[in-house]
Amino acid sequence: MIEMENVYKTYPNGVTALNGVNVKIDQGEFVYIVGPSGAGKSTFVKLMYREEKPSSGKIMINNYDLMEIKEKEIPFFRRNVGVVFQDFKLLPKMTIYENIAFALEVIEESPRNIRKRVMEVLETVGLKNKARFTPNELSGGEQQRVSIARAIINHPKIVIADEPTGNLDPETSLEIMKTFESINASGTTVLMATHSKSIVNRFKKRVIAIESGLIVRDEHRGEYGYEV
Ligand code: ADP
C-alpha cells in the first residue's frame, strides 16, 4: 500500500518538481505514470524507492513512513521495493546468474536455496538457459528481463519501473509488458512511468497523469491522453 499526502519536492537548486501530490495505491494495482517531459514523473517514482527524500508532506509505503525512516531501516524498506530502469543497469562483468544472485538479500540463506531462487526468477522471465551468459551476449529485451528478475528476487510487494521499454522496439516492449502483467497477476503492485502511448492504450490499467508537479488526471483503465 502506497499513500502520499500533500507531497512537495524541491531540489537543492530550487526547482520544485512536485507541488502537493495526493495519491493512494492499493496492494496489487497496476499503475502507469504519464505526463510530458519535466513533469515530475521520475521524481515521483524516486520518492517511492527512497532515492529522493520528500521536502514536505507524508509518504507511507508498506507501513514505512518515508519522512521519518532512519538510515539503517532503508535497506529493509528497499527489500520490498524492486526497481527496473530504462537502461537495465546490469553489471557487465558478471554473468546473468551473478547479477541476480548479487541482489538477493538473504544473508543466512544456503547456497543451494540461493541457486533455487535465482533459477526460479530466471524461469519466471523465460531466461533459464542464459544463466551463464554475460549481459553483452543478450538482446536488449533479454537484458531488461534480467533486470526484472533481479527486481523480484526478494519477493517485493512493489515493483517500480521508470521507462522500462524506453530503449526497446515495439515487439520487445510487448513481451516486457507481458512479463510485468504476470508479476502483477501474482499480487505485486506495479508502478510504471512511461512515454509509450501504444502500451498504455493497449494494456489498460490505472493511469495517473502528472503535469508541472501535480496529478492532473487519475483514471481506472485510462488512456495515454497525449499526442506523441
Ligand atoms: P520527468 O520524469 O517527468 O521528466 P523529473 O522528475 O525528471 O520529470 O523532473 C521534474 C523537474 O525537476 C524538472 O524541472 C527537472 O529539471 C527537475 N529535476 C529533476 N531531477 C533533479 C535534480 N536531481 N536536481 C535538480 N532538479 C531536478
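## A helix beside the sheet

Let's start with helix α5, residues 140–152, which lies across strands β6 and β7 and runs at about 165° to β6. Keep in mind that this is a predicted model.

A second helix, α1 (residues 41–48), lies across β3, β6, β7, β8 (189–193) and β9. Its direction is about 150° to that of β8.

## The six-stranded sheet

Now look at the strands themselves. Strands of a sheet pair through backbone hydrogen bonds, either parallel or antiparallel. Here, six strands make an open sheet with mixed pairing, in the order β6-β7-β8-β3-β9-β10. At its edges are β6 (81–85) and β10, each of which pairs on one side only. On average, neighbouring strands of this sheet are turned by 20° against each other, ignoring direction.

At the β6 edge, five bridges link β6 to β7 (residues 158–162) in the parallel sense. One pair to find is Phe 85 and its bridge partner in β7, Asp 162.

## Strand β9 and its neighbours

Strand β9 covers residues 206–211, and five of its six residues are buried, so the rest of the structure largely encloses this strand.

On one side, β9 pairs with β3 (residues 30–34) in the parallel sense over four bridges. Within this pairing, Ile 33 has Ile 208 of β9 as its bridge partner.

β9 also pairs with β10 (residues 214–219), this time antiparallel, through five bridges. Ala 209 stands opposite Arg 217 of β10. Together, β9 and β10 form a hairpin with two residues between them. In that turn, Ser 212 has a positive phi of about 45°.

Methods
Residues are numbered from 1 along each chain as its sequence is written. This is a predicted model: local features need pLDDT of at least 70, side-chain atom pairs count only at pLDDT 80 or more; totals for chains, interfaces and linings use all residues. Side-chain values use heavy atoms; hydrogens and water are left out. Buried means under 20% relative accessible area, exposed over 50%, partly exposed in between (1.4 Å probe, protein chains only). Two strands pair if DSSP finds at least two bridges between them. Axes are lines fitted to C-alpha atoms, for helices over the stretch in contact, and angles run from 0 to 180 degrees between N-to-C directions. Contact means heavy atoms within 4.5 Å.
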